[in-house]
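Please open the model in a viewer and keep the selection tool at hand. The tour below proceeds from one selection to the next.

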Amino acid sequence: MRRLLIGVITVLAVLLAGCSTRSDSKNAGTEEKEPTKAGASAAAAGGADFGTLKDVCGKGETKDGSTQGVTAKDIKTGVFTDVGFNKTPDFVDAAKVFTSWCNDNGGINGRKLTPVTHDAKLLEVRQRMQQACKEDFALVGGAAALDGLGVKDRLKCLLPNFAAQSSLPPGIGSDLQVVGSGPYADYFQYAGLYKWLITEKYPSSAKSVGIISGDSPVTKMMTAQFKESIAQLGGKVSYTELYPATGVSDWTPYAQSIKNKKVKGLVFLGDFSSLAKLEQSLTSLGYAPDWIDSNSNSYGDPFVKLAGSALKTQHNYAELFATAPLETSSPTTDKIKQLYAKYAPDAKVSYLSLRAFASWLLFATSARDCAELTRTCVYENATKNTAWTAGGIQAPFDLSKLQTPDKCYSIVEATPEGWKPADFKPDKGPYRCDAPAVKYRGKYVEPATLADVGKSMSDVK
């Protein structure tokens with residue numbers, strides 16, 4: 001995603017890694033709706049609103065649904081995760097917190113949300129997807145690093161996916177999938193970040209950009225995408241290097257190559273623990289590029305602790321797909337922290353938590369506004385949003401044009417004291433909204449479509 005957690009996408013990789021109105025409403029496409037009586041009562045009781053979103057959850061009269069996963073009492077939603085591999089429970093924690101809060105406020109028009117964890121453990125994406133196809137109404141608020149492996153199974157069973165992120169072609173931009181803010185299959189997702197880095201903040205680095213990535217077909221494709229996109233922005237990739245996906249025992253040779261090649265801007269497509277070791281080696285050699293794009297995979301306390309004193313000289317930046325940084329106080333991030341304190345006091349609010357909450361809010365409000373709860377209604381409601389902000393978690397995003405890149409972005413910087421918003425001259429709150437549209441010119445893996453599996457939207461019920 002946001003880089004939405006680009007890591008070494010291979011079988012041995014470490015990749016941690018809006019709301020619409022009722023489908024028949026004349027106001028479809030706006031984020032807020034007028035409170036119903038049931039919703040108003042829930043809000044008055046202290047809880048059903050979320051930022052600018054009103055009456056997200058509430059009571060109602062229900063009957064048995066005609067769609068898989070829907071009964072008169074509950075809605076079964078699948079939550080994908082790789083927690084069995086990366087030991088990162090963020091999506092599971094977010095599902096617990098959001099559904100507990102929503103259910104305490106009446107659920108979705110009286111139906112309780114019942115999240116079902118599908119732990120892909122990195123390599124079991126297809127097995128877990130086939131399980132979800134037999135049980136769930138929709139997938140919500142989760143992701144798997146190798147999501148592209150299960151996308152055709154998902155499309156065959158016509159299962160909508162309100163993903164927190166999408167990482168791997170052909171999952172990125174696939175049919176029946178809505179991600180609250182990107183990524184895009186046809187456009188460079190980080191044009192705003194790179195325009196700022198190579199034309200404003202560090203213009204002397206433009207012709208001396210280096211890329212280090214894990215050795216896999218996917219990351220090789222990503223390297224090609226970065227090279228052509230940086231060139232379109234006026235830069236040049238002068239150095240590329242692969243490292244074994246199984247890991248590196250000594251990063252000194254890589255650091256020495258970066259120094260010898262006089263790399264001034266470094267793109268790292270890998271796991272943050274490896275990046276921290278590389279930066280320590282660079283620091284030992286007395287060399288620091290002008291900037292390092294450490295990607296949002298590194299956005300959190302663990303990277304800061306691992307990199308340690310190297311952050312005194314190494315300048316790390318990450319783009320958050322126009323998500324409000326956790327370090328800035330806002331009504332929405334503050335509310336998420338309060339909900340975690342109540343429903344999961346031992347869990348930590350992270351960037352993934354924000355992305356998951358944005359997905360849950362999109363699903364909940366889209367489902368809330370269905371007179372009859374069907375997959376078609378929920379999906380179509382979601383894609384009517386032209387300015388989805390998840391109540392204030394992110395900059396407005398047009399979900400009606402899923403292949404059109406947004407202009408807004410947010411950038412954070414790592415320091416020895418922790419992450420903080422970078423000085424990238426935001427012009428709309430914590431966001432800057434002048435990113436150019438950089439379209440890929442090369443031939444890359446296409447997003448999966450319903451037509452690929454012999455289906456169409458008319459088959460979705």
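The model shown here is predicted. Begin by selecting Tyr-409 and Phe-424, both of which are buried.

Display the side chains of these two residues. Tyr-409 and Phe-424 make a tilted aromatic pair, with ring centres 6.0 Å apart and 40 degrees between the planes. The arrangement counts as tilted because the angle is neither under 30 degrees, as stacking requires, nor over 60, as edge-to-face requires. Colouring by secondary structure places Tyr-409 in strand β10 (residues 408-409) and Phe-424 in the loop between β12 (418-421) and β13 (432-433). The pair thus joins distant parts of the chain, its members lying 15 residues apart. In total, the model holds 27 aromatic pairs.

Next, select Phe-50, Phe-98, Trp-101, Tyr-340, Phe-357 and Trp-360. Together, these residues form one aromatic cluster.

Now turn to the largest pocket, whose volume is about 740 Å³. Which residues should be selected as the closest to its centre? They are Asp-90, Tyr-299, Gly-300, Pro-302 and Ser-350, out of 32 residues that line the largest pocket.

To view the surrounding framework, highlight the helices α2 (83-86), α3 (90-104), α9 (272-284), α10 (301-307) and α12 (351-368), together with strand β12; each of these elements gives two or more residues to the lining of the largest pocket. The largest share, 3 residues, is supplied by α10.

Finally, colour the lining of the largest pocket by residue character: 15 residues are nonpolar, 9 are polar and 8 are charged.

Key
Residues numbered from 1 in each chain as written. Predicted model: local features only at pLDDT ≥ 70, side-chain atom pairs only at ≥ 80, totals over all residues. Heavy atoms only, no water. Phe/Tyr/Trp six-rings, centres within 6.5 Å; stacked < 30°, edge-to-face > 60°. Helix = DSSP H or I, 4+ residues; strand = E, 2+ residues; numbered from the N terminus. Buried < 20%, exposed > 50% of the residue type's maximum accessible area, 1.4 Å probe, protein only. 1 Å grid on protein atoms, 1.4 Å probe; cavity = no way out; pocket = protein on both sides within 12 Å on 5 of 7 lines; lining within 4 Å. Points joined across faces, edges and corners; volume = space filled by probe spheres on them. Nonpolar A, V, L, I, M, F, W, Y, C, P; charged D, E, K, R; others polar.
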